[in-house]
Amino acid sequence: MRFGGVEVLRGIDFTVRRRELRCVIGPNGAGKSTLFKCLTGQLTPSAGNILFKGEPIVGLPSFDIAQRGVGIKTQVPSLFDGLTVRQNVWLAARRLLDEAAALATTHSLMERVGIDMIAEAAVGRLAHGQRQLVELAMVVAADPDLILLDEPAAGMTKDEVGRLAELVRELSGEHSIIVVEHDMQFIGMIATTVTVLHQGQILMEDEVGRVMTDPRVRSVYLGKLKVG
Amino acid sequence: MRGSRAWVDGLTVLIAIAVILLVPQLLELYSVINATIYVSMAVLALSLALVWGFGGILCFGQAAFFGLGGYTYAIAAINFGDSNLPVLFAVALPACFAALLGYFVFWGRLNDVYLGVITLTVALILFKFFNATAGDAYKIGKAALGGFNGIPATPPLNLPWDKSVQLAPEQIWYVAATLLLLLYYVSRCLLSTHFGQVVVSIRENERRAELLGYDTRRYKLLIFTVGGAMAGVSGVLFANCVFVSPTMFSLSYNAQIIIWVMIGGLGTLSGPILGSVLLQMLTAELGTLQWLDPNFVLGAILVVFVLLIPRGLQPLIAALGERTFSGLAALGFRRRKWIKP
């Protein structure tokens, strides 16, 4: 992926299996959010291909990719600010379900995510952590095959992070999930396989324990390693 | 809460029906015709309330569909000699034109200011075109377009089942006011459907709606087309109480509709209706004063609203009503307690 003369992603090649929970980590500017934007059709890669369930999705509009089963929770929660929490989740559920089923799904998901107490609040007035949860509920309500979570734990309290980790682990039994996150404690709670991005390339891909102790990963986060 | 809403709705309908029935009884013919003009323009305001207030589509050229509706009705009515098919044409043509324009705009991913500029430009092109249609060369069947003067002698509506009975101005008032009430409730029903909720969600955050799998272009196109059809209805009603001319496409009409919606309350349906009627009445009153330019007063009102009441009249009235209602309820509670301690 190239923006003018700057190559933001280069030679990215990885596969996520059905029902796999994959974490993508890397310092700021590593290209993690750009990768998600390519996967959801918000950006079109300058070269290369992306296959989803065996079919190429490069160049397709965002709504088409979403209809094929890719859902995203964006880095800065992207919600319908003037609508209530219930309306937000209902709109996500209603695209695939009829009226009654969408209502039932909305109700159960709000309870599951822990936002049923604020169901009638306008989401524009919620705290960042609550907004993260509303967006997560919306993404799950659309029942995608692949869920992309961009920094889901940002702005949450320790307790909320713990509950979120539990929820993500539960969801991984039903969906494929890719999580981009900075919070290494959260990664430790949920991850099995971790892909490390650095300067737009894959630095390493391994089991979480090995990644966390790897000297290259440590120096990338401390800003010592230069990749040519 | 839901109970009080139904109560307010019921009362509103009763008041509206009373007004519809009483206006021809209480007012002189001249005032009835004026009231019909206000109502026909209120339908136009309602069309933009739907498109801009709920669809988030800032159409600066809504008068284009209004003018097309009026011209289509006038041309077809003169040629056919009755109003049945012309009314249908006058709604269908602006709707088709809106669909065509919307297709290029929405599929071209033009938004915000570009959309406003393009729609206004289209309206002004039509204004220029119809201004240049003087002379015998510009005739469609028996109807001469008339250039700057427009088409002065438009046949009025007739009874659908008896073409020989043309409606009197009082009867056209009943039709116009009933249509306004009907279209208001149709709009409310439309917005309460899944389609309407998606339209509102697109106004709130189009990117999120797309990421949930909604093809936002289709929803915007449909609401834009509905708005075009509604503006066509407004054009038909206007042609029945004034006459069609190129000023229907003019900048001043396009700007006025935006002002009505803003002052009435963007994001509401009743607000723009109220705003359009009140501002038209005010403009008519001010027009009788020699020493004051109505546009100056309208500009001042707009500035005051933007600075002090940015949400518009309807939300202000609703908030005041709710405060009064809860105040009365609290008073009633205290009184009951006092009588039966």
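# Helix packing and contacts in a predicted two-chain model

Colleague: Which elements of chain B have the lowest and the highest mean pLDDT in this predicted model?

Modeller: Among the elements of chain B, helix α13 (residues 313-339) has the lowest mean pLDDT, 72. Helix α9 (residues 216-241) of chain B has the highest, 97.

Colleague: And where in chain B is the pLDDT below 50?

Modeller: Over residues 335-341 of chain B. Beyond near neighbours in sequence, that stretch has 0 contacts in the model. As a whole, chain B averages a pLDDT of 91, and 96% of the residues score at least 70.

Colleague: What is the mean pLDDT of chain A?

Modeller: It's 88 for chain A, with 96% of its residues at 70 or more. Among the elements of chain A, strand β1 (residues 2-3) has the lowest mean, 69, and α3(A) has the highest, 97. For the complex, the predictor gives an ipTM of 0.90 and a pTM of 0.90.

Colleague: OK, on to the helices. Why are α2(B) and α6(B) called roughly parallel?

Modeller: Look at the angle. The axes of α2(B) (residues 29-54) and α6(B) (residues 169-192) cross at roughly 15°. Angles under 35 degrees count as roughly parallel, so α2(B) and α6(B) get that name. Their axes come within 9 Å, and the crossing is left-handed.

Colleague: Which residues make the contact between α2(B) and α6(B)?

Modeller: From α2(B), they include B:Val32, B:Val39, B:Leu46 and B:Phe54. From α6(B), they include B:Trp173, B:Leu180, B:Tyr184 and B:Leu191.

Colleague: What makes up the contact of α2(B) with α6(B), by class?

Modeller: There are 20 nonpolar, 3 polar and 1 charged residues in the contact of α2(B) with α6(B). B:Glu170 of α6(B) is part of that contact, and Glu counts as charged.

Colleague: How do you know that α6(B) and α9(B) are roughly antiparallel?

Modeller: Again, it's the angle. The axes of α6(B) and α9(B) cross at roughly 165°. Anything over 145 counts as roughly antiparallel, so that is what α6(B) and α9(B) are. The two axes come within 11 Å, and α6(B) passes α9(B) in a left-handed crossing.

Colleague: Which residues touch there, between α6(B) and α9(B)?

Modeller: α6(B) brings B:Ile172, B:Ala176, B:Leu179 and B:Leu183. On the other side, α9(B) brings B:Met230, B:Val233, B:Leu237, B:Asn240 and B:Cys241. The residues of this contact divide into 8 nonpolar, 1 polar and no charged. Asn isn't on the nonpolar or the charged list, so it counts as polar; B:Asn240 is in the contact.

Colleague: What about α10(B) and α11(B): why are they oblique to each other?

Modeller: Helix α10(B) (residues 251-264) and helix α11(B) (residues 270-287) pack at about 120°. Roughly perpendicular covers 65 to 115, and roughly antiparallel needs over 145. An angle of about 120° fits neither, so α10(B) and α11(B) are oblique. Their axes are 7 Å apart, and α10(B) passes α11(B) in a right-handed crossing.

Colleague: What residues make the contact of α10(B) with α11(B)?

Modeller: Among them are B:Trp260, B:Ile263 and B:Gly264 of α10(B) and B:Gly271, B:Pro272, B:Ser276 and B:Leu279 of α11(B). The classes come to 8 nonpolar, 4 polar and no charged residues. Gly counts as polar, so B:Gly264 and B:Gly271 go in the polar class.

Colleague: Now between chains: how many residues does the contact take from each?

Modeller: It takes 18 residues from chain A and 14 residues from chain B. On the side of chain A that touches chain B, α2 (62-68) and α3 (85-94) of chain A each supply at least two residues. α2(A) gives the most, with 4 residues. That side of chain A divides into 10 nonpolar, 5 polar and 3 charged.

Colleague: Which domains does the domain assignment give for chain A?

Modeller: Domain 1 (1-69 + 144-228) and domain 2 (81-143). The C-alpha centres of these domains of chain A lie 24 Å apart. Their contact takes 11 residues from domain 1 and 10 residues from domain 2 of chain A. Helix α6 (residues 158-171) of chain A gives the most to the domain 1 side, with 4 residues.

Notes: Residues numbered from 1 in each chain as written. Chains lettered and ligands numbered in written order. Predicted model: local features only at pLDDT ≥ 70, side-chain atom pairs only at ≥ 80, totals over all residues. Axes fitted to C-alpha atoms, helices over the stretch in contact; angles between N-to-C directions. Left-handed = near helix turned anticlockwise from the far one by under 90°. Contact = placed C-beta atoms within 7 Å. Domains from an automatic or database assignment. pLDDT = per-residue confidence, 0-100.
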